[in-house]
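Please open the model in your viewer and keep the selection panel at hand. The stops below say what to select next and what is found there.

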Amino acid sequence: MLGSKWLVDASVAFARALGVSDLVIGLTIIAAGTSMPEVATSITAAIRGERDIAVGNVVGSNTFNILGCLGASGLAGGNGLTIAPAVMNFDIWVMLAVAIACLPMFVAGREIGRGKGLLFLAYYVAYVAYLVLDARGHDLLPKFSSIMIGFVLPLTIVTLVAMLVRDQAKAPRPGD
């Protein structure tokens, strides 16, 4: 916990010095820093073969963050929380898309192996890259967005369908 606190504090200080908005800091540095204990717990559980603990930790943490933390923050905020238009225009849709993308993996194979884990990690890196490019108003943002929408999104859909079909083909049939 102390390491996470130091990481978050130092990263926020650097980000603010570089002029990064509080929204981007919250969506990246704070989110990653406060999740480090869950990451460590899940990795340790997976290495020890306690996969149910790893999955339960992630699902439980996210459920608590969305419902518990957001609910408590809304109560403590007095007049509630104002949601930034940028969140409503992009980040909420990314969160929804990720949740939908998880469904075939959870329903079909009920397993997240190295390939799927690498895919999730790569998408997180792409999401953070988008946030940074957008926050800096970088010239590469339109090209990056076009590549993500025109190439990566269709490739993801094809990959998810292929995983679903493959996992369904490998699944034992009733009576086998």
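At what angle do the axes of helix α2 and helix α5 cross, and within what distance do they come? Select residues 22–47 for α2 and residues 114–136 for α5: their axes come within 10 Å and cross at roughly 145°, where axes are lines fitted to C-alpha atoms, for helices over the stretch in contact, and angles run from 0 to 180 degrees between N-to-C directions. Helices here are DSSP runs (H or I, at least four residues), as strands are (E, at least two), and they are numbered from the N terminus.

Before going on, please note that this is a predicted model, in which local features need pLDDT of at least 70 and side-chain atom pairs count only at pLDDT 80 or more, while totals for chains, interfaces and linings use all residues. Residues are numbered from 1 along each chain as its sequence is written, and side-chain values use heavy atoms, with hydrogens and water left out.

**The crossing of α2 and α5**

Keep both helices selected and add side chains: the contact (heavy atoms within 4.5 Å) is made by Val24, Leu27, Thr28 and Ala32 of α2 together with Tyr124, Tyr127, Val128, Leu131 and Ala135 of α5. Sorted by class, this contact has eight nonpolar residues, one polar residue and no charged residues; Ala, Val, Leu, Ile, Met, Phe, Trp, Tyr, Cys and Pro count as nonpolar, Asp, Glu, Lys and Arg as charged, and the others, Gly among them, as polar.

**Valine 24**

Next, select valine 24, which lies in helix α2 and counts as buried because its relative accessibility is 9%, buried meaning under 20% relative accessible area, with a 1.4 Å probe and protein chains only. Apart from neighbours within four places in sequence, valine 24 is in contact with Ile29, Leu131 and Ala135. Draw a C-alpha to C-alpha line from valine 24 to leucine 131, and it spans 6.6 Å, although the two are 107 residues apart in sequence.

**Along α5**

Now show α5 alone, where the buried residues are Lys116, Leu119, Ala126, Tyr127, Tyr130, Leu131 and Leu133. Just past this helix, select glycine 137, whose phi is positive, near 60°.

**Valine 87**

Move to helix α4, residues 85–109, and select valine 87 within it; valine 87 is buried, with a relative accessible area of 15%. Its contacts, leaving aside neighbours within four places in sequence, are Leu23 and Ile92. The C-alpha atoms of valine 87 and leucine 23 are 8.4 Å apart, with their positions 64 residues apart along the chain.

**The whole chain**

Finally, select everything: the chain has six helices and zero strands. Of its 176 residues, 19% are buried.

Definitions and conventions
Buried means under 20% relative accessible area, exposed over 50%, partly exposed in between (1.4 Å probe, protein chains only).
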